[in-house]
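Biologist: Let us go through a few features of this model, one question at a time.

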Amino acid sequence: MTYIALSKWEVTNGMRCPVAGQDPEAVLEGTGPVHRLERRGGRVRAAAFDQFEVQVVAGQRSWVLIGVRPRTACVQCRNVNVRPISHRDLCRSAKRDWKSEKHMSHEPDVDVVIIGAGFGGLRMLVEATRQGLTARLLEAGSDVGGAWYWNRYPGARTDSEAWVYCFGFDKDLQEEYDWPERYPSQPQVQAYLQHVVDRFELGSNITFNARVETSVFDEDHDVWTTTTETGETLVSRFLVSATGPLSAPLDPPYPGLADFRGDWYMTARWPEEKIDFSGKRVGVIGTGASGIQVTPLVAAVADHTTVFQRTANYAIPARNYVLDDLQRQSIKARYDEIWEQVSKQAMGMAMNPANRVHGDVTDEERDKLLEAAWEEGGFRFFLETFDDVFYNPETNAAVSEFVRNKIRTIVKDPATAELLCPKPDHPIGAKRPPLENFYYQAFNRPNVDLVDVSDNAIADVTEKGIRLTDGTEVELDVIIFATGFDALTGALTRIDVRGNGGVSLAEKWVDGPRTHLAMSVDEFPNFFMIAGPQIPFANAPAMVEPTVETIARAIATVNEQRQTRIEVDPAAVEEYNELLSAFYNATIFPAGAKLRAWWLGTNVEGKKLGVAMNFGGFPNWVNAVKAEAAEGFQHYTFSCAPNATPSSGAKVAVEAGAN
């Protein structure tokens, strides 16, 4: 049995076993046990093989392992959890190796492979089924939910109101489903998506515990070959990514974590079992949305809670409440009106424009408007007060100072209040402003401390807790890392996606994402994204609907024209990116670069600044997406590879995998 193996860098840096002490150069030249270590979910896993022979493939940065037989354990590594080397590791090589017969099949198993079982993936699966397409949805988790499957931490809750954080394509679904609260919690969102799966009988077309590792386009046959971590391979005419903008968490970057004697958790990969914080000294690192949501609930039961803050954030009160039957009845009666509001609102919310700017009112009138919106709660605070909050620095400064004064009013200790106030060079909105439920009030508790690490950074993790640069050590029993995501691009660049000529998506986006309407990438035919990079700064489920409908129309057009390939023109990508740059530079959002805003990528060390979101408003983007379909996809080229066979209609779906 022959496998395409690892690149030289990976062999040198990844295949050495620290227990056995094998010299990597000797591994390359001789025979003996091969070890590969990789860290997943906080645990080190290893692979070992009985024997091997290494051959250098001339002219390529790749090696071949011959006659390998995986063992269950290495005699010198018995204390390490062991699993075979993944298919991705065995198949990553020079681009032309991807065309080998071993790794490429020509006949599609299904019309569409969908990656991700959140809002986007499930909606795409519904639409594919309705269009008579065969589809298989691959989900890394063991249940549906997407981000709402992984982010199970206490306090996880939407920032969009329930009646718009849902699907609008089916009136019966709207009528039958009863949301419990204004802002649904994580379990409530996941329950809704489980209901969608059951109602539309999607389960037989979903494979869980199927993390995608590679997806490769075959230009000779116009098909995608997608391989999971477990080795399952599916061939499809079309590939749709619904991996979501916030699904690639950043691992804790602090040395010494393995030495910590307590427990540690990531909000983005929270365990299913309930965690008891009572009597514990808990540290929370990160003050983005996750940190702001988890802190008040943990502080209520922990013996002591320490929040480590690098950048103060603006947080707006949610004013969440339980919905009763009469309120739900009113919402359902107004759904047509609600979706009409959503279609016209800049962030895809059921809100009305303010129809005023800061210069239209006196200072007294301004404060009354802001006070009323603050009490109502939610994003109405800056969406229904002034229309120029994100465009006029003067307006933004006034709104920002209003929030700072609220923090000073809520937090009793003046020094703590000032630390919680974002600096004047931090305009509200430059980093995503989350909604909060008693976050600021938590700092009035005697068991809660705020540690400023902006100038005295976290140096490392010790056996006992967190050590700062000046040597101060904060002793802890539990550490919660709310350290954010490699947002928008990370979920896709962590998959080895390869298009024309073997070009990888990671290579394509090394200087920042470049798409057409956040939906397509040139050099990647038959590949579509739902809520991909360069989506609008808007309510996520609202963006899913027009994208899915347009993708479905694109696939139908390919089949109607008896073609097998659709590819966006590079000129359309260039035009869209020029537009996004103009929008971006007309706002206050560039200030987020030095604040490490995730939507600019500057929160990830080494990641280049890119315009990864569309700041031109939700309605403009929706109109452009719908126009693409209505005008016959004029920015795309349709073709048929010589060896490809056009679709002749629906096929029988492949049987479900481990479901």
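Biologist: Which residue in strand 21 does G465 stand opposite?

Modeller: This is a predicted model: local features need pLDDT of at least 70, side-chain atom pairs count only at pLDDT 80 or more, and totals for chains, interfaces and linings use all residues. Residues are numbered from 1 along each chain as its sequence is written, and side-chain values use heavy atoms, with hydrogens and water left out. Strand 20 (residues 465–468) runs antiparallel to strand 21, joined by three bridges; strands are DSSP runs of E, at least two residues, numbered from the N terminus, and two pair if DSSP finds at least two bridges between them. Opposite G465 in strand 21 stands E475.

Biologist: What is the strand order of the open sheet?

Modeller: The edge strands are strand 19 (458–461) and strand 21 (473–475), each pairing on one side only. The sheet has three strands with antiparallel pairing, in the order 19-20-21.

Biologist: Why is the pair of W179 and Y192 tilted?

Modeller: Rings of Phe, Tyr and Trp (its six-membered ring) pair if their centres lie within 6.5 Å; planes under 30 degrees apart count as stacked, over 60 as edge-to-face and the rest as tilted. The centres of W179 and Y192 are 4.8 Å apart and their planes are at 35°, so the pair is tilted.

Biologist: Are W179 and Y192 buried or exposed?

Modeller: Buried means under 20% relative accessible area, exposed over 50%, and partly exposed in between (1.4 Å probe, protein chains only). W179 and Y192 are both buried.

How values were computed: Helices (H or I, at least four residues) and strands (E, at least two) are DSSP runs, numbered from the N terminus.
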